Amino acid sequence: MEIELELPEYLRTWSEQVDALRKVGRIFWKRRWSLGTSSNYSVVVSRDPTQLLITASGKDKGQLARGDFVVVDQHGQPVQENQPKSSAETLLHCVAAENPEVGAVLHTHSVWSTVLSDRFAPQGGIRIEGYEMLKGLAGVTTHEQSTWLPIFENTQDIPSLAEKVRAAMQDPEQRLQHGYIIRRHGIYTWGRDLNEAFRQIEILEFLLECLARSAVLA
Ligand SMILES: [Zn+2]
C-alpha cells in the first residue's frame with residue numbers, strides 16, 4: 001500500500017512528532033497491539049494553551065500517513081479547520097494531558113489487556129505486584145512496589161467515560177499512576193514524553209501477558 005508522505009500545511013511545525021507517532025504505530029502494529037484502525041496516540045505539542053497532536057479517526061495504525069493527524073485543544077476540538085476528524089477517544093487523551101507533567105498518551109487494543117479486563121472487572125481493576133519489570137514504570141524503584149490499573153466499563157459515550165477517568169485520576173485513594181483499562185477494549189497509559197509513554201506501555205503489556213499466561217498455567 002502506498003503511504004502518503006507529504007505533510008499538510010497545518011502539521012508543518014510538528015513534522016518530527018508526526019514521524020515519531022507514525023513509528024509508534026508501525027511498532028505497535030507489528031506487536032499486534034494496534035491492529036487495523038484500533039488504538040490512538042498523542043503528544044502534547046503546546047502548553048498554555050494546551051494542544052495535542054493526535055491520530056485521526058479510522059486510520060490503519062501500521063500504515064499511518066503524514067496527514068493522518070489532527071491538532072486539538074484541551075477540549076478535544078480541532079484548533080484549525082480542514083483537518084481530518086480526530087480519534088473518537090480524543091477526550092481521553094485530553095483528560096490525561098490535564099496533568100501538566102504528561103507529554104504523551106498511548107492507547108492500544110492488545111489481546112492481553114482485553115482478555116484480562118474481563119477476568120478482573122469484578123474487582124474493579126488489576127493490581128500488579130512482585131515483578132522485577134515493574135521497575136520499568138515511572139517512579140517505581142523496587143519490585144516490591146505495585147501498580148493499580150482500574151477497569152472502566154466500555155462505552156461509546158466518551159464524554160461520560162472521560163468524566164469517570166478524570167474523577168479516578170483526581171482521587172488519591174485510587175493511586176491511579178500508570179494507566180487504566182477499558183473493559184474488552186484496551187489500555188491507556190502516558191508519560192512525560194513519548195519515550196516514557198512508550199516504555200510504560202511496553203512494560204504494562206509485558207506484565208499483563210505475565211499475569212494472563214500464569215493464569216493459564218495455574
Ligand atoms: Zn480504543
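The following passage describes the fold, the sheet and selected backbone features of a predicted model.

The chain contains five helices and eight strands, and from the N terminus on these elements follow the order α-β-β-β-α-β-α-β-β-α-β-β-α. The radius of gyration is 17 Å, close to the 17 Å given by the globule rule for 218 residues, so the chain is as compact as a globular protein of that length. The C-alpha trace spans about 55 × 40 × 35 Å along its principal axes. Of the 218 residues, 39% are buried. Among contacts with a separation of 6 or more, 63% are between residues 24 or more positions apart.

The eight strands form an open sheet with mixed pairing, in the order β3-β2-β1-β4-β8-β7-β6-β5. Its edges are β3 (69-73) and β5, each of which pairs on one side only. On average, neighbouring strands of the sheet are turned by 20° against each other, direction ignored. Helix α1 (residues 15-30) packs on this sheet and touches β1 (40-46), β2 (51-55), β3 and β4 (104-108). The direction of α1 makes about 160° with that of β1.

The edge strand β5 comprises residues 125-129. Strands β5 and β6 (residues 146-152) run antiparallel and are joined by five bridges; within β6, P150 is the bridge partner of G125. In a regular strand, side chains alternate between the two faces of the sheet. Such alternation is present along β5, where I126 and I128 point to one face and are buried. By contrast, G125, R127 and E129 point to the other face and are not buried.

Several backbone features occur in loops. In the loop between β1 and β2 lies P49, and the peptide bond from D48 to P49 is cis, with omega near 0°. Positive phi values are found at two residues that are not glycines: R32, at about 65°, and N82, also at about 65°. Residue R32 belongs to the loop between α1 and β1, whereas N82 is located in the loop between β3 and α2 (90-96). A residue counts as exposed if 12 or fewer other C-beta atoms lie within 10 Å of its own. R32 has 11 such neighbours within 10 Å and is therefore exposed. N82 has 8 other C-beta atoms within 10 Å, so N82 is likewise exposed.

Notes. Residues are numbered from 1 along each chain as its sequence is written. This is a predicted model: local features need pLDDT of at least 70, side-chain atom pairs count only at pLDDT 80 or more; totals for chains, interfaces and linings use all residues. A residue is buried if 20 or more other C-beta atoms lie within 10 Å of its own, exposed if 12 or fewer, and partly exposed in between; C-beta atoms are placed from the backbone. Helices (H or I, at least four residues) and strands (E, at least two) are DSSP runs, numbered from the N terminus. Two strands pair if DSSP finds at least two bridges between them. Axes are lines fitted to C-alpha atoms, for helices over the stretch in contact, and angles run from 0 to 180 degrees between N-to-C directions. Two residues are in contact if their C-beta atoms, placed from the backbone, lie within 7 Å. The radius of gyration is taken over C-alpha atoms; the globule rule is 2.2 Å times the number of residues to the power 0.38.
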